[in-house]
Amino acid sequence: MTREVSIYDTTLRDGSQGHGVSFSTADKLRIAQRLDRFGVPHIEGRWPGSNPKDIQFFDEAKRRTFRRAKLVAFGSTRRKDGPVGHDDQVKLPVDAATPVVTFFGKTWMLHVREVLQTTPEENLSMIEETVRYLRAHGKAVIYDAEHAIDGYKDDPAYALATWEAAARGGADMVVLCDTNGGSLPQEVAAITKEACARLSCSVGIHTHDDIGLGVANALAALEAGATQVQGTFNGYGERTGNCNLTTLIPVLEFKLNVRSVPADSLPMLTEVSQFLDEIANVHPNPRLPWVGAAAFSHKGGTHVNAVQKLVRSYEHIDPSLVGNTRHVLISELAGRSNIIMKARELGLPITKDTPELSAILTRVKALEHEGYEFEAADASLALLIHHTMSDAPSPFSVDAYHVSMRAEAGASVCEATVKVRAGTVHAHTVAEGDGPVNALDGALRAALIRFDPDLERQRLTDYKVRIVNSSAGTAARTRVLIETSDDTSSWTTIGVHENIIEASLQALVESFEYALLRKGVPVSPFAAAVRS
Ligand SMILES: [Zn+2]
């Protein structure tokens, strides 16, 4: 029978402490509902006392329906030397009206004496009384034992006494936290085993990734008897982050046969990961295991060749099981197999017998020598393949352009004019922008939407510039990558030139041209213009 463990998500609390991560109340509600649909049983909001935004989150959450997840309010033990019933740290989480409350307290004597500046006995009372109070108010109680692993290593008897105080007060679970994230799996396993043997309640684990062992430590604790894991999606969290649930969940499911979310949720894992990056406004990490864009990417020609014959040869699992896809990277290592697989990924009919195949390969290698890089620039590669295989002329060309900049009273404005030709139709447009690329984009768009109004929907979503030295002895060149999106998808194009404006224009022109190629150029108004 498949064993089960319980996932406890703290993306909204611990995760929101992460570098560059910030969530509004509306963001948090969207995330909570998305994680609920994914099947996460516990979703922790932040400390309702910490700021008005967090109180608002719990107020709004009361009006939403959650299918499966229990929302959890977070707090801490009562303050030292005061009555528990008058302490906001304990009362506000109760007022948040969630079925479960998690609160944290001290395990490590160092913190008891130096940080709390209280006695070991008072710390034990603080823990036990807080649990009793929460239980008396009808809450399920999870006790997060801060610095559990470090505290135990320092003074095992006292650490156990703090956890026993929580269990005695009626806690449903004591969660061992590796707060500083510096422990090893064997330490976590031994201490978890001891806690499981000594405590009358369940034991959970909360790890951080400071030495890259967040997931490994959580797995060690589960192996030793813990039944709940606290972590964050995409591993967001302070410093190097928390135990990454987007890694842990598929490891449990596919490598250990342990169920943690409904089996039919797993194919949504990559999408949930991308959704969170988008809301957090964090650039996706391509190297994230399982869900990253590079997780199932193949670059070396022999790898690609082998994967084409037998995917199992260089993949530990079928990427679709976690909603990811196989990518073939085109690079200087590019072989015929890469081009064929890439072309298929792009929906272009190429086989190993296609006569133009070696011309495409030669062209890719020559351009990469000049500083182009097609790994990220799928759309430019698609155009390169298309142009090599087809005699059709480009749907439009830029005959001339001009960019100027003026500064006035501390503000600068750029202006661009372009002359565009599609067949015999000409357009001459001008636009202003807050930078030269923005102005060029505006002018080009203004010209092209006269021919195809659909182009209005596409927008520039990312712009990256890099200086490259293509080969020894030549001047430095600028490589520009532009990401463009419309309502349904996004694509990337590349331009390379000694002049940054020229490189940007190349990438801009290709971003529009690719949009037309995808639509099927022959039926677009451009084709009519070209024929006329
Ligand atoms: Zn933490």
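**Note on salt bridges and the zinc site**

1. In this predicted model, Asp462 has a relative accessibility of 21% and therefore counts as partly exposed, given that the buried class is reserved for values under 20%. Its salt-bridge partner is Lys464, with a nitrogen-to-oxygen separation of 3.3 Å between the two side chains. Lys464 is likewise in the partly exposed class, its relative accessible area being 40%.

2. Salt bridges with shared partners also join Arg13, Asp14 and Glu44 into one network. Asp14 deserves attention on a second count, since this residue is one of the zinc donors, as the next point sets out.

3. The zinc ion is coordinated by an OD oxygen of Asp14 together with the NE2 atoms of His206 and His208, at distances of 2.0 to 2.1 Å. Written along the sequence, the spacing of these donor residues is D-x191-H-x1-H. Asp14 sits in the loop that runs between strand S2 (6-9) and helix H1 (25-38), while His208 sits in the loop between strand S8 (202-207) and helix H9 (214-223), so this pair ties together parts of the chain that are 194 residues apart in sequence.

4. How accessible are Asp14 and His208? Asp14 has a relative accessible area of 6% and is buried, and His208, at 4% relative accessibility, counts as buried too.

5. Across the model, the count of salt bridges comes to 30. One of them pairs Glu122 with Arg78, where the closest N and O atoms are 2.8 Å apart. This pair links distant parts of the chain, with Glu122 in helix H5 (residues 120-136) and Arg78 in the loop between strand S4 (70-76) and helix H3 (88-95), the two residues being 44 apart. Both Glu122 and Arg78 are buried.

6. A further salt bridge is formed by Glu164 and Arg198, whose closest N and O atoms are 3.7 Å apart. Because Glu164 belongs to helix H7 (residues 156-169) and Arg198 to helix H8 (residues 185-198), the pair ties together parts that are 34 residues apart in sequence. Glu164 is partly exposed, with a relative accessible area of 24%, and Arg198 is also classed as partly exposed, at 44% relative accessibility.

Key: Residues numbered from 1 in each chain as written. Predicted model: local features only at pLDDT ≥ 70, side-chain atom pairs only at ≥ 80, totals over all residues. Heavy atoms only, no water. Donors = N, O, S within 2.8 Å, 3.2 Å for Na, K, Ca; no water. Helix = DSSP H or I, 4+ residues; strand = E, 2+ residues; numbered from the N terminus. Buried < 20%, exposed > 50% of the residue type's maximum accessible area, 1.4 Å probe, protein only. Salt bridge = Lys/Arg side-chain N within 4 Å of Asp/Glu carboxyl O.
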